[in-house]
Amino acid sequence: MNSPLYLSTGTFTGRINGRNPELLFKAAEAFQTDGFELMVFEELYGKLPDILLRYRAAGIPIPVIHADKTVGDYMSLPEGEEKAKELFLKNLEIASLVGAKRLVTHCWGMPPSDEHTEMIYRRVGMLKEMAEEKGMTLLCENCVCANRSPLYHVKNLLALYPDLEFTVDTRCSEFHAELKDTMEDESIWENVTHLHINDYKGGYKEWAARYPIPQPPEGQIDWPYFFASLKKRGYRGSVTLEAPAMLETGLNVPVLQKGLDFVKTGFEKEGL
């Protein structure tokens, strides 16, 4: 597999285990990956900077972080701009401490989701500039939205910021019944530099079906088509397995390893 393959810390840290950041040390020993995507939760802030410096001292590669999803919530609120800036700055500092250069970011959230589009688009430019001032890259994620669709916003943002980079999450695209449209849209793929691998089992914008998140290939996504489409696009960006498999204690190694192997096999079959 030529693309770097990462495992999200959000696959094994969650409410069930108190979002225990110590589990990453065990994961680094258990999984053979090119690195980890650090999911930033509220609970992490109280353990800074000690835990991050320990990650770095242990040599755990964290090339990308998933910024706190609350950034997206503030981005959607008319009165939330200063809070979004303040929280995103904290996440830039976290990225710096672990040596990450890329930040997957929700640029809209719930509620009011993507209602105020012009405001959100302007604020995306603000986050992009903040990241670049720190020598980092904003990766705007195609996260779910209530009013339009992720692909609609990706295309509009590209018209405003031609060098903006994106993360395509397979579950988000399938939730909006636009995974095929996303894969076939040639205009976006020079700017898609990161992927989140999740499955989905449900109907168009079926909110009750967002959770639990199935491991690939246990949902409905057409994975052979997806991998073949990546080959067609000549994809060379990075990939993160994000579908969770959590335990109250320890790691669900068999399930997560199976997911990593599935992604790796899918890429390698296409010569990617």
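Strand 4 sends the side chains of Arg102 and Val104 one way and those of Leu103 and Thr105 the other way, and all four residues are buried. The model in which this is seen is a predicted one. Strand 4 covers residues 102-105, and it is a convenient place to start.

On one side, strand 4 pairs with strand 3 in the parallel sense, over three bridges. His66 has Val104 of strand 4 as its bridge partner. Strand 4 also pairs with strand 5 (residues 137-141), again in the parallel sense, and here there are four bridges. Val104 takes part in this pairing too, with Leu139 as its bridge partner in strand 5. Thr105 has Cys140 as its bridge partner in strand 5.

Helix 6, made of residues 117-133, packs on the sheet and touches both strand 4 and strand 5. The direction of helix 6 makes about 150° with that of strand 5. Helix 5 (residues 81-98) lies across strand 2, strand 3, strand 4 and strand 5. Relative to strand 4, helix 5 runs at about 140°.

These pairings belong to a wider arrangement. Eight strands close into a barrel, in the order 1-2-3-4-5-6-7-8, and the pairing is parallel. From one strand to the next, the twist averages 25°.

Next comes helix 7, which spans residues 150-160. Which of its residues are buried? They are Pro150, Leu151, His153, Val154, Leu157 and Leu158. Seen down the axis of helix 7, these residues fall within an arc of 160°, so they line one face of the helix. The cover over them includes helix 6, strand 5, strand 6 (165-169) and helix 9. Ala159 is also found in helix 7, but Ala159 counts as exposed because its relative accessibility is 66%, and the exposed class begins over 50%. The C-alpha atom of Ala159 is separated by 30 Å from that of Gly203, a residue 44 places away along the chain.

Helix 10 (residues 223-233) can be read in the same manner. Its buried residues are Trp223, Phe226, Phe227, Ser229, Leu230 and Arg233. Viewed down the axis of helix 10, they fall within an arc of 155°, so they too line one face of their helix. On the other side of helix 10, Pro224 and Lys232 are exposed. What do the buried residues of helix 10 pack against? They pack against helix 8 (170-175), helix 9 (179-184), strand 7 (192-197) and helix 11 (253-269).

The two ends of helix 10 can be described as well. At the N-terminal end, Asp222 acts as a cap, with a side-chain oxygen 3.2 Å from the backbone nitrogen of Tyr225. After helix 10 comes Gly234, whose phi is positive, near 65°.

Aromatic rings are the next topic. Ring pairs link Trp223, Phe226, Phe227, Phe262 and Phe267 into a cluster. The count of aromatic pairs comes to 10. One pair joins Phe175 and Tyr200: their ring centres are 5.8 Å apart and their planes stand at 80°, so the pair is edge-to-face, a class that begins over 60 degrees. This pair links distant parts of the chain, since Phe175 is in helix 8 and Tyr200 is in the loop between strand 7 and helix 10, 25 residues apart. Phe175 and Tyr200 are both buried.

The last stop is Arg19, in the loop between strand 1 (5-8) and helix 1 (23-30). Is Arg19 buried or exposed? Arg19 is buried, because its relative accessible area is 19% and the buried class lies under 20%. Leaving aside residues up to four places away in sequence, Arg19 touches Thr13, Gly14, Phe41 and Glu43. With Glu43 there is a polar contact between the two side chains, at 3.1 Å.

Notes:
Residues numbered from 1 in each chain as written. Predicted model: local features only at pLDDT ≥ 70, side-chain atom pairs only at ≥ 80, totals over all residues. Heavy atoms only, no water. Buried < 20%, exposed > 50% of the residue type's maximum accessible area, 1.4 Å probe, protein only. Helix = DSSP H or I, 4+ residues; strand = E, 2+ residues; numbered from the N terminus. Arc of directions from axis to C-beta. Contact = heavy atoms within 4.5 Å. Polar contact = N/O pair within 3.5 Å; in protein donor to acceptor, adjacent residues only side chain to side chain. Pairing = 2+ DSSP bridges. Axes fitted to C-alpha atoms, helices over the stretch in contact; angles between N-to-C directions. Phe/Tyr/Trp six-rings, centres within 6.5 Å; stacked < 30°, edge-to-face > 60°.
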